[in-house]
Amino acid sequence: MTAPYDVITMGRIGVDLYPLRTGVPLAQVETFGKFLGGSATNVAVASARLGRRVAVITRTGQDAFGDYLHQALREFEVDDRWVTAVDRYPTPVTFCEVFPPDDFPLYFYRLPKAPDLEIHPHELDLDAIGSARIFWMTGTGLCAEPSRTATLTALESRAGSGITVFDLDWRPMFWPTDAEDRSGGAEPADPRELYTRALRYATVAVGNLDECEVAVGERDPEAAARALLAAGPELAVVKQGPKGVLAVHRDGTRAEVPPVAVEVVNGLGAGDAFGGALCHGLLAGWELERVMRYANAAGAIVASRLACSSAMPYENEVAQVLAGGPVPAQDPVPGPQPGAAADATPCAVPSTTPAPGGPS
């Protein structure tokens, strides 16, 4: 019998095309690097880089970009057995502009519909999902059918087993308007109601202040953490931008950790590195503050690099930063190779940023 996975993630995948020059508008960019992307997939890569046995549940188009994503996942040592193709929709592509330290506009090409929203409940390996030590899902998976029902089905299958992480991942551009819902014959989706349903099954909730406001109606970090715990999870992780991260456990344990100061190259992907490191620390059974410091360091490393997936750090690199050493340099080489969006970094700030305590 195959051993349970350490981490199974479920959600977005796509191709990131990032300019190989920073500080240049997209209209003037001449060369791009091609990278594996998508938040849930990046979290899988980040976990695998830290030595965990990982798989991802998602879908691509039946096209050359889909072939590339399978190749990249295998090279990152992420199991792609549950990454299947959709004939009628192309693999998503995302462009970004890179204006350090804090401006990284994203351009998503996910129309008419992204294949990763075509995950069907009957396709799920519920035994594997139920036995995984950590199951990671995202708010984007709730934005459309059949992914919405599949995500909720996966959550229900966990039945309180292991660690279930709900990455709040609020991306309003992915949610259909009321008019779009009605044109498809569906009832308009209520994000708050769907987030509430998902939180009942989660043991960990992770989100920034905007995402917490969507999920539980609170922007104050302390109030947001309390509201998330009241909704079901045992651990609430609230990202506060330049103020760092607040983590509160239902047992009263708490940790508030400042960011790691770095020269930001590209803030996209830092939140996914944070997520993979969070999984690693939780699986290791570390105390809460150590987990948060480790996750912050991982996010800071990625913020100092151009790419997302191929920039995910190894254990020795995180250890170097935690020991007070410099952030390891990495050349921006496209592709899944050592030495090389979509969350803006919650855990790293440029070294020129004022000390924590400024506006979030």
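Visitor: Is Glu-256 buried, partly exposed or exposed, and what puts it there?
Guide: In this predicted model, Glu-256 counts as partly exposed because its relative accessibility is 45%, and the partly exposed class lies between the 20% and 50% limits.

Visitor: Which residue forms a salt bridge with Glu-256?
Guide: That residue is Arg-254, and the closest N and O atoms of the pair are 3.9 Å apart. Arg-254 is itself partly exposed, with a relative accessible area of 40%.

Visitor: How many salt bridges does the structure hold?
Guide: The structure holds 15 salt bridges. One of them joins Arg-219 to Glu-213, with 3.3 Å between the closest N and O atoms; here Arg-219 counts as partly exposed at 36% relative accessibility, and Glu-213 counts as partly exposed at 35%.

Visitor: What about Arg-171 and Asp-169, buried or exposed?
Guide: Both Arg-171 and Asp-169 are buried, and they form a salt bridge in which the closest N and O atoms are 3.8 Å apart. The two residues also belong to a network of salt bridges that links them with Arg-12.

Visitor: Changing topic, where does Thr-9 lie?
Guide: Thr-9 lies in strand S1, which covers residues 7-10. Thr-9 counts as buried because its relative accessibility is 0%.

Visitor: What does the side chain of Thr-9 reach?
Guide: The side chain of Thr-9 reaches the backbone oxygen of Ala-40, at 3.0 Å. Leaving aside residues up to four places away in sequence, Thr-9 touches several others, among them Thr-41, Val-43, Ala-44, Ile-57 and Trp-136.

Visitor: And Ala-40, which helix has it among its buried residues?
Guide: Ala-40 is one of the buried residues of H1, and that list also includes Thr-41, Val-43 and Ala-44, each of which is touched by Thr-9.

Visitor: Why is H1 described as largely enclosed by the rest of the structure?
Guide: Helix H1 spans residues 39-49, and 11 of its 11 residues are buried, so the helix is largely enclosed by the rest of the structure. Polar and charged residues are part of this set, including Asn-42 and Arg-49.

Visitor: What follows H1?
Guide: H1 is followed by Gly-51, whose phi is positive, near 95°.

Visitor: Last one: how many helices and strands are in the chain, and how much of the chain is buried?
Guide: The chain has 11 helices and 16 strands, and 57% of its 360 residues count as buried. Its accessible surface comes to about 14,100 Å², with 51% of that area belonging to carbon and sulfur atoms.

Note on methods:
Residues numbered from 1 in each chain as written. Predicted model: local features only at pLDDT ≥ 70, side-chain atom pairs only at ≥ 80, totals over all residues. Heavy atoms only, no water. Helix = DSSP H or I, 4+ residues; strand = E, 2+ residues; numbered from the N terminus. Buried < 20%, exposed > 50% of the residue type's maximum accessible area, 1.4 Å probe, protein only. Areas by Shrake-Rupley, 256 points an atom, 1.4 Å probe, with all protein chains shown as cover. Polar contact = N/O pair within 3.5 Å; in protein donor to acceptor, adjacent residues only side chain to side chain. Contact = heavy atoms within 4.5 Å. Salt bridge = Lys/Arg side-chain N within 4 Å of Asp/Glu carboxyl O.
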